[in-house]
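Here is a walk through the fold, from one charged pair out to the sheet and the cores. Keep the viewer open as you read.

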Amino acid sequence: DIFQSLKLSKKIRYFIAKMNDDLTEVVVEKTGGRDETWESFVDNLPDDDCRYAVFDYEFDAGEGQRNKLIFVVWCPDTARIKPKMLYTSTKDAVKKKLVGVSCELQATDDSEVSNDAAYALATKFT
């Protein structure tokens, strides 16, 4: 599965997932290769719809190279009310299936998914 290829085999940097059209399951919409950056990941988040995502965030906080799996719940202010309610109410069930994710980032605008915000979150749990 996609999460295992991100977490264990390190074949991808991230994946972005959405609810299917029937709103009955979460499906992977996009994956990013290992050469992708946090900024390119953020560029792939939609401006007006919600998404779940997991990013393998690498950083150096002065103790050598580290990485954290960040679970992102993207619910922009411009999204419709129903999707925002659905994504926030089901995020815990989705996160439970992602064993090994150590950080959660809930974001409603670009400032909340900045590289600085991701770095602060990742280093908070080292």
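## Starting from a charged pair

Glutamate 63 is exposed, with 59% relative accessible area. Keep in mind that this is a predicted model. The side chain of glutamate 63 meets that of arginine 66 in a salt bridge, at 3.4 Å from N to O. Arginine 66 itself is partly exposed, at 30%. As a reminder, side chains of opposite charge can pair when their charged atoms come close.

## The other salt bridges

Searching the whole structure turns up 10 salt bridges. One of them brings together arginine 34 and glutamate 58, at 3.2 Å from N to O. That pair links distant parts of the chain: arginine 34 belongs to the loop between β2 (26-33) and α2 (38-43), while glutamate 58 is in strand β3 (residues 51-60), 24 residues apart. Both partners are partly exposed, arginine 34 at 24% relative accessibility and glutamate 58 at 38%. They also belong to a network of salt bridges that links Lys10, Arg13, Arg34, Asp56 and Glu58.

How accessible is arginine 51, buried or exposed? It counts as buried, because its relative accessibility is 7% and the cut-off for buried is under 20%. Its salt-bridge partner is aspartate 49, at 3.2 Å from N to O. Aspartate 49 is partly exposed, with a relative accessible area of 26%.

## The sheet

Now for the strands. Five of them form an open sheet in the order β2-β1-β3-β4-β5, and the pairing is mixed. β2 and β5 (103-107) are the edge strands, so called because each pairs on one side only. On average, neighbouring strands are turned by 25° against each other, ignoring direction.

β1 and β2 pair in the antiparallel sense over seven bridges. They make a hairpin with six residues between them, and leucine 23 in the turn has a positive phi of about 60°. On the other side, four bridges join β1 (residues 12-19) to β3, and these two strands also run antiparallel. Isoleucine 16 is a handy residue to click on: it stands opposite lysine 30 in β2, and its bridge partner in β3 is alanine 53.

## Helices on the sheet

Which strands does α3 touch as it packs on the sheet? The answer is β1, β2, β3, β4 (65-74) and β5, and the direction of α3 makes about 60° with that of β3. Helix α4 (residues 115-124) lies across β3, β4 and β5, and runs at about 75° to β3.

## Aromatic pairs

There are 11 aromatic pairs in the whole structure. One of them is tyrosine 52 with tyrosine 87, a tilted pair at 4.8 Å centre to centre with 40° between the planes. This pair ties together distant parts of the chain, with tyrosine 52 in strand β3 and tyrosine 87 in helix α3 (residues 81-96), 35 residues apart. Tyrosine 52 is buried at 2% relative accessibility, and tyrosine 87 is buried at 4%.

Elsewhere in the list of rings, Tyr14, Trp38, Phe41, Phe55, Tyr57, Phe59 and Tyr119 are linked by ring pairs into a cluster.

## Nonpolar cores

In soluble globular proteins, nonpolar side chains tend to be buried together. Here the largest nonpolar core has 20 residues, and those with the most contacts inside it are Trp38, Phe41, Tyr57, Ile70, Val72, Leu105 and Val113. Each of β1, α2, β3, β4, β5 and α4 supplies at least two residues of this core. The biggest giver is β3, with four residues.

Leucine 105 is a good place to look at those contacts. Leaving aside its neighbours within four places in sequence, leucine 105 is in contact with Trp38, Ile70, Phe71, Val72, Val73, Glu112, Val113 and Leu121. One of these contacts, Phe71, belongs to a second, separate core of 18 residues. That second core also includes Leu6, Ala17 and Val94.

Key. Residues are numbered from 1 along each chain as its sequence is written. This is a predicted model: local features need pLDDT of at least 70, side-chain atom pairs count only at pLDDT 80 or more; totals for chains, interfaces and linings use all residues. Side-chain values use heavy atoms; hydrogens and water are left out. A salt bridge is a side-chain nitrogen of Lys or Arg within 4 Å of a carboxyl oxygen of Asp or Glu. Buried means under 20% relative accessible area, exposed over 50%, partly exposed in between (1.4 Å probe, protein chains only). Rings of Phe, Tyr and Trp (its six-membered ring) pair if their centres lie within 6.5 Å; planes under 30 degrees apart count as stacked, over 60 as edge-to-face and the rest as tilted. Axes are lines fitted to C-alpha atoms, for helices over the stretch in contact, and angles run from 0 to 180 degrees between N-to-C directions. Contact means heavy atoms within 4.5 Å. A nonpolar core is a set of buried Ala, Val, Leu, Ile, Met, Phe, Trp, Tyr and Cys residues joined through side-chain atoms within 4.5 Å.
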